[in-house]
Amino acid sequence: SGKDAGNFAKKISAIATEIAQRMNTIIWSLNTENDSLENFAEYVRQYGVDYFEDSGIQFTCKASTNLPTKLVLSGVQRKNLFLIVKEAFHNILKHAEATNALTEILMEDDRLVLKVCDDGVGLKNSNSFGNGLKNMKKRMQEIGGQISFDNGNGTCISIYLTVL
């Protein structure tokens with residue numbers, strides 16, 4: 001029927017969009033022109049603005065003005081950090097019932113600190129996030145960083161990576 005065909009077309013379109021986004025992420029993470037921390041921060045900001053655009057969630061990205069301009073992230077660092085951010089954004093949109101999402105990127109001594117926070121309901125049932133959280137931890141282990149999940153007013157994911 002026509003309705004089924006319409007739904008099918010919508011699904012195909014959504015899958016095609018997702019594949020295109022993944023390809024963009026891969027290409028971006030492999031392009032060495034994008035390896036500065038500033039470039040990473042801008043990519044995350046732009047992705048967040050687009051991602052939350054029609055969601056009713058107010059997105060803010062704060063990148064510290066003192067990010068070292070000469071600091072280079074490897075492709076695997078960029079890819080893993082970005083995929084964690086992407087997973088966090090997904091959780092905020094799908095599960096958090098939040099009105100605000102905040103990403104912060106800053107330096108603390110020789111460590112890059114990346115935070116993704118929301119003012120939603122928090123990780124009520126961490127089982128529903130089970131795989132996502134496990135994947136985030138695994139991605140950080142792969143690049144020798146730490147990740148913590150704070151479940152106070154909403155959820156705050158903090159990532160620490162020694163880069164200097």
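In this predicted model, strands β4 (residues 146–150) and β5 (residues 155–162) run antiparallel and are joined by 5 bridges. I147 has I159 of β5 as its bridge partner, and D150 sits opposite C156 in β5. The two strands make a hairpin, with 4 residues between them. In that turn, G154 takes a positive phi of about 90°.

The hairpin belongs to a bigger picture: β4 and β5 are part of an open sheet of 5 strands with mixed pairing, ordered β1-β2-β3-β5-β4. β1 (58–63) and β4 each have a single partner strand, so these two stand at the edges with one side lacking a neighbour in the sheet. From one strand to the next, the twist averages 10°.

Helices lie across this sheet. α2 covers β1, β2 (100–108) and β3 (111–118), and runs at about 175° to β1. Over at the hairpin, helix α4 (residues 130–142) lies across β4 and β5, running at about 150° to β4.

Then there is the packing of helix on helix. The axes of α2 (residues 37–51) and α3 (residues 75–96) come within 11 Å and cross at roughly 25°. With the cut-off for roughly parallel set at under 35 degrees, α2 therefore counts as roughly parallel to α3. Their crossing is right-handed. On the α2 side, the contact is made by F40, Y43, V44, Y47, G48 and Y51; α3 brings R78, L81, F82, V85, K86, F89, H90 and L93. Sorted by class, that contact comes to 10 nonpolar, 2 polar and 2 charged residues.

Terms used
Residues numbered from 1 in each chain as written. Predicted model: local features only at pLDDT ≥ 70, side-chain atom pairs only at ≥ 80, totals over all residues. Heavy atoms only, no water. Axes fitted to C-alpha atoms, helices over the stretch in contact; angles between N-to-C directions. Parallel < 35°, antiparallel > 145°, perpendicular 65-115°, else oblique. Left-handed = near helix turned anticlockwise from the far one by under 90°. Contact = heavy atoms within 4.5 Å. Nonpolar A, V, L, I, M, F, W, Y, C, P; charged D, E, K, R; others polar. Pairing = 2+ DSSP bridges.
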